[in-house]
Amino acid sequence: MHDNEDIYQRLAKTHYYPTFRSEYGVATEILQKLKPETLLEIGCGTGAFLDRIQHMIPIVMGSEYNTAAAEECRKRGLNVISEDISTINIPIEVVCHFEVLEHVFDTKKLMKDTLWLL
């Protein structure tokens, strides 16, 4: 269990994870032009963005520390991990996140781990 698990469990019972963000449209347009083979969404919540783009990219992954949200993703067939992203052992072409940095204690580590994946 992660340090903030309790708060995220309580938030998951509200409408904390939106199914739509305007940024999703912009990101989708960029991905249509880039045509990557792999994508990782950090902090994917309940998988709304992954659902939207999974048909476009051969390997789509998410990471989510809220175990209930990650489990909801996995029940729908999405490839979502709850471990630190440093455990990912395949090259990732695109890494994205929406509304995540304000939840990260060590943003420098997140950026280093993200760059290591690319």
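What follows is a walk through the fold, the nonpolar cores and the aromatic pairs of this chain. The model is a predicted one, and residue numbers start from 1 along the sequence as written.

Starting with the overall layout, the chain has five helices and four strands. Read from the N terminus, these elements come in the order α-α-β-α-β-α-β-β-α. The chain counts 118 residues, and 40% of them are buried. Its exposed surface comes to about 7,400 Å², with carbon and sulfur atoms supplying 57% of that area. As for who touches whom, take the contacts with a separation of 6 or more: 58% of them join residues that sit 24 or more positions apart.

Next, the inside. In soluble globular proteins, nonpolar side chains tend to be buried together. Here, the largest nonpolar core holds 18 residues, and L31, L39, F49, L50, I53 and V80 have the most contacts inside it. Helices α2 (22-34), α3 (48-53) and α4 (67-75), along with strand β4, each give two or more residues to this core. Helix α3 provides the largest share, at four residues. A separate core of eleven residues lies apart from this one, and its members include I85, I92, L110 and L117.

L39 gives a good feel for how the pieces meet. Setting aside neighbours within four places in sequence, L39 is in contact with L31, L50, I53, I57, I59, V60, M61, I92, V94 and C96.

The last name on that list, C96, deserves its own look. C96 belongs to strand β4, which spans residues 94-96. Buried means under 20% relative accessible area, so C96, at 13%, counts as buried. Beyond residues up to four places away in sequence, C96 touches L39, L40, E41, I42 and F49. G62 is 34 residues away from C96 along the chain, yet their C-alpha atoms are separated by 9.5 Å.

F49, one of the contacts of C96, leads on to the aromatic rings. The structure has three aromatic pairs. In one of them, the ring centres of Y24 and F49 are 5.2 Å apart and the planes meet at 40 degrees, so this pair counts as tilted. Because Y24 lies in helix α2 and F49 in helix α3, the pair ties together parts 25 residues apart in sequence. Both Y24 and F49 are buried. Ring pairs also bring in F98, linking Y24, F49 and F98 into a cluster.

Key: Predicted model: local features only at pLDDT ≥ 70, side-chain atom pairs only at ≥ 80, totals over all residues. Heavy atoms only, no water. Buried < 20%, exposed > 50% of the residue type's maximum accessible area, 1.4 Å probe, protein only. Contact = heavy atoms within 4.5 Å. Areas by Shrake-Rupley, 256 points an atom, 1.4 Å probe, with all protein chains shown as cover. Core = buried A, V, L, I, M, F, W, Y, C linked by side-chain atoms within 4.5 Å. Phe/Tyr/Trp six-rings, centres within 6.5 Å; stacked < 30°, edge-to-face > 60°.
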